[in-house]
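Dear colleague,

I am passing on a structure that I have been looking through, and I would be glad if you opened it before reading my notes. The notes follow it below.

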Amino acid sequence: DFEVLVIGGGPAGSAAAIYAARKGIATGIAAERFGGQVADTMGIENLISVPYTEGPKLVAAMEQHVNEYDVDIMNMQRAEKLIPASQPGGLHEVRLANGASLKSRTVVLSTGARWRQLGVPGEEEYRNKGVAYCPHCDGPLFKGKRVAVIGGGNSGVEAAIDLAGIVGHVTLIEFGAEMRADEVLQKKLRSLSNVEIITSGQTTEITGENGKVNGLIYTDRNTGESHQVALEGVFVQIGLVPNTEWLKGDIELSQHGEIIVNDRNETSIPGVFAAGDATTVPYKQIVISMGEGSKAALSAFDFLIRNSAE
Ligand code: FAD
């Protein structure tokens, strides 16, 4: 049995495991894929005190740091069900996809998030062949070319502003009648000469030929007319989905599926804590997830010293 069982091996989970292990308590970490989103990231320039690193390098460093301590790392293990302790201070159970079951007095949930998909024909087929989700990572690949950004929220508008400085032309397509981004961002976007903004546009298909994106088709939701845009890249910016489907019904989630946490990373279940992109914490970033994971582990430790076994 563990005293702290961390589910998820991204920045939040790694930080939680290190903080817990440094208290000398039995710590385990089960992760579907150690490293999380960082493993899919290229340049990282906002991890304070590290002016530049790259995803795979940071993942290796996180793993090495966790390995400095007596942490039981269970990689390639997907959690499927959380069964909360039947009495306060009792053992929580986490069932894994491989049929095994882990027990722990406290649990830190840090299963992160993933980009929301459009779900239209062509999106899957041309993924990484013109369909992208991360402007910071893939923007430079479209230097001088034509791209679309799907989504007019803060992330979409920020992406469009960012890309406009690199690519030849940006078409931003917003589903609603108006963009939802902060006015200051919209104003900035409107000031750019190589950006076209389409509202009330529903993207219905991403087209391609010879294994590469060559355009997209959208429906004007006011007129019902279908339009084709010729381009080389499509950046999908319609939100992040927390990896919390497996927790539905067992723990309190926000309307967006985020695990609701307070400022001590406590969830609706005593002894179960959560950290990082999977939670309601604002701003989903590496340095924030690391801080949140650390807080969650300290809260778990505090819980343990206040709730002696049985
Ligand atoms: P994740 O990193 O999402 O880790 C989640 C972990 O949980 C993974 O190990 C995953 O395998 C595991 N998991 C999920 N479900 C289960 C399950 N059911 N059972 C077991 N394990 C599970 N942030 C920055 O600060 N700077 C950047 O430059 C930056 N660039 C980015 C570029 C890209 C392409 C992406 C995708 C993200 C970027 N981010 C960046 C955001 C940053 O990566 C995230 O904020 C951060 O990784 C969140 O950490 P986390 O530990 O909460 O979750």
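**What I found**

In the protein chain, residues 24 or more positions apart account for 62% of the contacts with a separation of 6 or more, where two residues are in contact if their C-beta atoms, placed from the backbone, lie within 7 Å. Please keep in mind that this is a predicted model, in which local features need pLDDT of at least 70 and side-chain atom pairs count only at pLDDT 80 or more, while totals for chains, interfaces and linings use all residues. Residues are numbered from 1 along each chain as its sequence is written.

**The chain as a whole**

The secondary structure of the protein chain comes to 6 helices and 19 strands; these are DSSP runs numbered from the N terminus, with helices (H or I) of at least four residues and strands (E) of at least two. Along the principal axes, the C-alpha atoms fill a box of roughly 65 × 40 × 40 Å. Buried residues make up 43% of the 310 residues, a residue being buried if 20 or more other C-beta atoms lie within 10 Å of its own, exposed if 12 or fewer, and partly exposed in between, with C-beta atoms placed from the backbone.

**The ligand and helix 1**

There are 38 residues around the ligand, and Gly-8, Gly-10, Gly-36, Gly-112 and Gly-276 come nearest; a residue is near a molecule if its C-beta atom, placed from the backbone, lies within 6 Å of it. By class, this shell has 16 nonpolar, 16 polar and 6 charged residues, where Ala, Val, Leu, Ile, Met, Phe, Trp, Tyr, Cys and Pro count as nonpolar, Asp, Glu, Lys and Arg as charged, and the others, Gly among them, as polar. Helix 1 (11-21) is among the elements that each supply at least two residues of the shell, as are strand 2 (27-31), helix 3 (135-138) and helix 6 (286-306). Helix 1 is also mostly covered, with 11 of its 11 residues buried, and these pack against elements including strand 1 (2-7), strand 2 and helix 6.

**Two sheets**

Strands of a sheet pair through backbone hydrogen bonds, either parallel or antiparallel, and two strands are taken to pair if DSSP finds at least two bridges between them. In one open sheet, 5 strands follow the order 10-17-11-12-13 with parallel pairing; its edge strands, strand 10 (131-132) and strand 13 (195-198), each pair on one side only. Within that sheet, strand 11 (residues 146-150) and strand 17 (residues 233-236) pair over 4 bridges, and Val-149 stands opposite Phe-235 in strand 17. Another open sheet has 3 strands in the order 14-15-16, with antiparallel pairing. There, strand 15 (residues 212-220) and strand 16 pair over 5 bridges, and Tyr-218 stands opposite His-227 in strand 16.

**Two residues to look up**

Which of the two, Gly-233 or Lys-248, is buried and which is exposed? Gly-233, whose place is in strand 17, is buried because it has 25 other C-beta atoms within 10 Å. Gly-233 and Asn-214 are 19 residues apart in sequence and 7.7 Å apart in space, C-alpha to C-alpha. Lys-248, by contrast, sits in the loop between strand 18 (240-242) and strand 19 (272-274), and is exposed because it has 9 other C-beta atoms within 10 Å. Lys-248 and Val-236 are 12 residues apart in sequence and 26 Å apart in space, C-alpha to C-alpha.

With best wishes
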